[in-house]
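Here is a short, friendly tour to read alongside the structure. Have the viewer ready, and follow the topics in whatever order suits you.

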Amino acid sequence: LSATIGLTCLDQIDGNGNDALKAANIALKHGKQHHRGEICHFTRDMEFETLARVRLLQNLRSAFDRERLFVVYQPQVSLVSRQLIGVEALLRWRNDDGSYVSPCDFIPLAERSGLIISLGEWVLRSACHDLKKIINSNGKPLRMAVNVSVMQFRQPNYLDTLDRALAESGIDPRLLELEITESVAVLESSFMIKLLNEIKSRGVCIAIDDFGTGFSSLSYLEQLNVDRLKIDISFVRQMEQSDGSRRIVETIIQLGKSLQLKLIAEGIEQASQANL
């Protein structure tokens, strides 16, 4: 057993005993997130950080209700033909004043609060319908990649959500690719294997996003029956300057080939990166 403890010094508390307990609880939650198994002392910065998260979550719920969230599509290009072969659906949040809230700030918050379930379903349906429009306009098949969080996979009706999006949009399931991260390793392996096999039986493809940044085992990767590995953007951006990053990219490519998986390199923006 281990214990994570949140403490507050009473000279930091302006109110009564309830305020002291609240401060200690804030320290405890902070400790669980950052310093498990240790004693974490309350600071005013923790309180401000907690209040900021609460306000951001309230604003996120309001933005969803007021349709301030929208989907953009990042191109996926073949390095052989340099032709567009697919797009990835990305959720964005624009404030009333035209400024943007970073996905790095609101996506983790949506996952912790459970709001990602509603957001994820909306993004999936929007992406499938937009793909149908794109194909109807240019007559060419195009792959659509959509991110799925662990929280969504935990929902017992996720397959129903997927089937509904496919049926309503009328797209070929083989053109849809669901992107998962290595964090799915926290779920029971037998559950994940069964779920991904159910998804694959529909013709939908599976990609592992941000590969190389998680901690899942290679044996688990082999069991998951995935189609594609996505080389994390951090390695792509550093491989021109760092021999270590370049070797990691080479290793992931060799691993992908050995397992007969396709590969995507994230975040290529320069011709030199594409050539390398």
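Just after helix H4, glycine 139 takes a positive phi of about 75°. Please keep in mind that this is a predicted model. The notes below start with that helix, move on to a helix pair and the aromatic pairs, and end with two unusual backbone angles.

**Helix H4 and serine 126**

- Helix H4 covers residues 116-138, and its 23 residues should span 33 Å at 1.5 Å a residue; the end C-alpha atoms are 32 Å apart, so the expected and modelled spans agree.
- Buried positions in H4 include Ile116, Leu119, Gly120, Val123 and Leu124. Further along the helix, Ala127, Cys128, Leu131 and Ile135 are among the buried residues too.
- Serine 126 also belongs to H4. Its relative accessible area is 19%, and because the cut-off for buried is under 20%, serine 126 counts as buried.
- What does serine 126 touch, leaving aside its neighbours within four places in sequence? Its contacts there are Val71 and Tyr73.
- Glycine 6 is 120 residues from serine 126 in sequence, and the two C-alpha atoms are 43 Å apart in space.

**Where H1 meets H2**

- Helix H1 (residues 17-34) packs against helix H2 (residues 44-65) at an angle of about 80°, and their axes are 10 Å apart. With that angle, H1 is roughly perpendicular to H2.
- From H1, the contact draws on Ile26, Ala27, His30, Gln33 and His34. From H2, the partners are Met46, Glu47, Glu49, Thr50 and Arg53.
- By character, the residues of this contact divide into three nonpolar, four polar and three charged.

**Aromatic pairs**

- How many aromatic pairs does the structure hold? There are three, and two of them are described here.
- Phenylalanine 70 and tyrosine 100 have ring centres 6.3 Å apart and planes at 65°, so this pair is edge-to-face.
- Phenylalanine 70 sits in strand E3 (residues 69-77) and tyrosine 100 in strand E5 (residues 100-101), so the pair ties together parts 30 residues apart in sequence.
- Is phenylalanine 70 buried or partly exposed? At 21% relative accessibility, phenylalanine 70 is partly exposed, while its partner tyrosine 100 is exposed at 52%.
- Phenylalanine 153 and tyrosine 158 form another edge-to-face pair, with 5.3 Å from centre to centre and 90° between the planes.
- Both rings of that pair belong to buried residues: phenylalanine 153 has 1% relative accessibility, and tyrosine 158 has 5%.

**Positive phi outside glycine**

- Most residues other than glycine have a negative phi, so the following two deserve a look.
- Aspartate 210 has a positive phi of about 55°, although it is not a glycine. This aspartate lies in strand E8 (residues 205-211) and is partly exposed, with a relative accessible area of 25%.
- Glutamine 260 is not a glycine either, and its phi is near 60°, a positive value.
- Where is glutamine 260 found? It lies in the loop between helix H10 (243-258) and strand E10 (262-265).
- Glutamine 260 counts as exposed, at 75% relative accessibility.

Notes. Residues are numbered from 1 along each chain as its sequence is written. This is a predicted model: local features need pLDDT of at least 70, side-chain atom pairs count only at pLDDT 80 or more; totals for chains, interfaces and linings use all residues. Side-chain values use heavy atoms; hydrogens and water are left out. Helices (H or I, at least four residues) and strands (E, at least two) are DSSP runs, numbered from the N terminus. The expected span of a helix is 1.5 Å times one less than its number of residues. Buried means under 20% relative accessible area, exposed over 50%, partly exposed in between (1.4 Å probe, protein chains only). Axes are lines fitted to C-alpha atoms, for helices over the stretch in contact, and angles run from 0 to 180 degrees between N-to-C directions. Angles under 35 degrees count as roughly parallel, over 145 as roughly antiparallel, 65 to 115 as roughly perpendicular and the rest as oblique. Contact means heavy atoms within 4.5 Å. Ala, Val, Leu, Ile, Met, Phe, Trp, Tyr, Cys and Pro count as nonpolar, Asp, Glu, Lys and Arg as charged, and the others, Gly among them, as polar. Rings of Phe, Tyr and Trp (its six-membered ring) pair if their centres lie within 6.5 Å; planes under 30 degrees apart count as stacked, over 60 as edge-to-face and the rest as tilted.
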